[in-house]
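This report considers a protein chain and the links between its parts. Please examine the sequence and the model below before reading on.

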Amino acid sequence: MACCLCAKYFLLFFNLIIWLSGGAFLSCGILVLYRRDLHELFALLSYDSDYVPSFLNVGYVLIGIGALVFIVGLLGCCGSVRESRLLLGLYVFFIILVMGGELVVALYTVLLGVEWDTKLERTLQRRLLTYNYSMPQRFEYDLDVVQKQFACCGIHGAVDYYENMDYKISGNRLPSSCCNDLFNGVCIEAHSYRIGCFTTINDSVQYYARLVVAVGIGIALLELTALMMAVCVCRNTKYDDEFD
């Protein structure tokens, strides 16, 4: 009985933290959907990508998981307070569902990371050779935004433009987005950003990836502990589910 009582109070405590994690999921989902600089970055990375075009779907999944986590937390609190087998059973079911959704997001992130390491770098370098100075298209616009935002030039540096036809025709002129200060209205290599965009973006991606993995593992352990507590309370409760 004492063990069951401890499990009951621990379950209440864990559900308060789970509610906070629900807020984290909602915040991440909204960030993916509505933060403009992320849209432009992933628009650039989406060229010839098998996974990035569906990245915005991850935002909807995260918002769905966040909303479901709030419901799960409510069921857990009510079920533990009332010691209701029905509510605790629903709680166990939904928390397994949430963990399944988190697993899908994790697998997608792994696939995206593999593609990032093996394909996207070469794809962007190849596209850079056809960067059009006089008639910019969507790719040129997306690349310009990223180069300005991250203060970078090319994929590995200004050297990536050496084989570009427009670069040669224009007298070794770089896109204006490669420079913070233009020389007579022209971006030259001496005034260009020294670092390539791939290095800068990769550093940011690696940082956030480690952060997401650490938070994800913490939340998963928390949910697993809450799941075991809920099963313990459910197995030891003797109350019938009467809601009148």
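## Helices, disulfides and salt bridges

Residues 12-34 are 100% helix and 0% strand, and the C-alpha atoms at the two ends of this stretch lie 33 Å apart. The model is a predicted one. For residues 211-234 the content is likewise 100% helix and 0% strand, with end C-alpha atoms 34 Å apart. Both stretches appear in the UniProt record, an unreviewed entry, which places the feature "transmembrane region" at residues 12-34, 54-76, 88-111 and 211-234.

The disulfides come next. A disulfide is a covalent bond between the sulfur atoms of two cysteines. A search of the whole structure finds three of them, and they are set out in the table.

| Disulfide | S to S distance |
|---|---|
| Cys-152 and Cys-197 | 2.0 Å |
| Cys-153 and Cys-178 | 2.2 Å |
| Cys-179 and Cys-187 | 1.9 Å |

The disulfide of Cys-152 and Cys-197 has sulfur atoms 2.0 Å apart. This pair connects distant parts of the chain, 45 residues apart: Cys-152 sits in the loop between helix H5 (138-150) and helix H6 (165-169), whereas Cys-197 belongs to helix H7 (residues 197-236). The link of Cys-152 and Cys-197 is right-handed, with 90 degrees about the S-S bond. Cys-152 has a relative accessible area of 0% and is therefore buried, the cut-off being under 20%. Cys-197 is also buried, with a value of 2%.

The disulfide of Cys-153 and Cys-178 has an S to S distance of 2.2 Å. Here too the pair links distant parts of the chain, with Cys-153 in the loop between H5 and H6, Cys-178 in the loop between H6 and H7, and their positions 25 residues apart. The torsion about the S-S bond of Cys-153 and Cys-178 is about 85 degrees, so this disulfide is right-handed. Both Cys-153 and Cys-178 are buried.

For the disulfide of Cys-179 and Cys-187, the angle about the S-S bond is 70 degrees and the link is right-handed. Cys-179 has a relative accessible area of 7% and is buried. Cys-187 also counts as buried, at 2% relative accessibility.

How are the bonded cysteines paired when they are numbered in sequence order? The pairing in the protein chain is 1-6, 2-3, 4-5.

The last topic is the contacts between charged side chains. The count comes to two salt bridges. In one of them, the side chains of Arg-138 and Asp-142 meet at 3.4 Å, N to O. Arg-138 and Asp-142 are separated by about one helical turn, because they are four residues apart in helix H5. Is each partner of this salt bridge buried or exposed? Arg-138 counts as exposed, at 53% relative accessibility, whereas Asp-142 is buried, with a relative accessible area of 1%.

In another salt bridge, Lys-168 pairs with Glu-163, and their closest N and O atoms are 3.6 Å apart. Lys-168 has a relative accessible area of 44% and is partly exposed. Glu-163 has a relative accessible area of 55%, so it is exposed, the cut-off being over 50%.

Note on methods: Residues numbered from 1 in each chain as written. Predicted model: local features only at pLDDT ≥ 70, side-chain atom pairs only at ≥ 80, totals over all residues. Heavy atoms only, no water. UniProt positions renumbered as here; feature names shortened; annotations may be inferred. Disulfide = S-S within 2.5 Å. Buried < 20%, exposed > 50% of the residue type's maximum accessible area, 1.4 Å probe, protein only. Salt bridge = Lys/Arg side-chain N within 4 Å of Asp/Glu carboxyl O.
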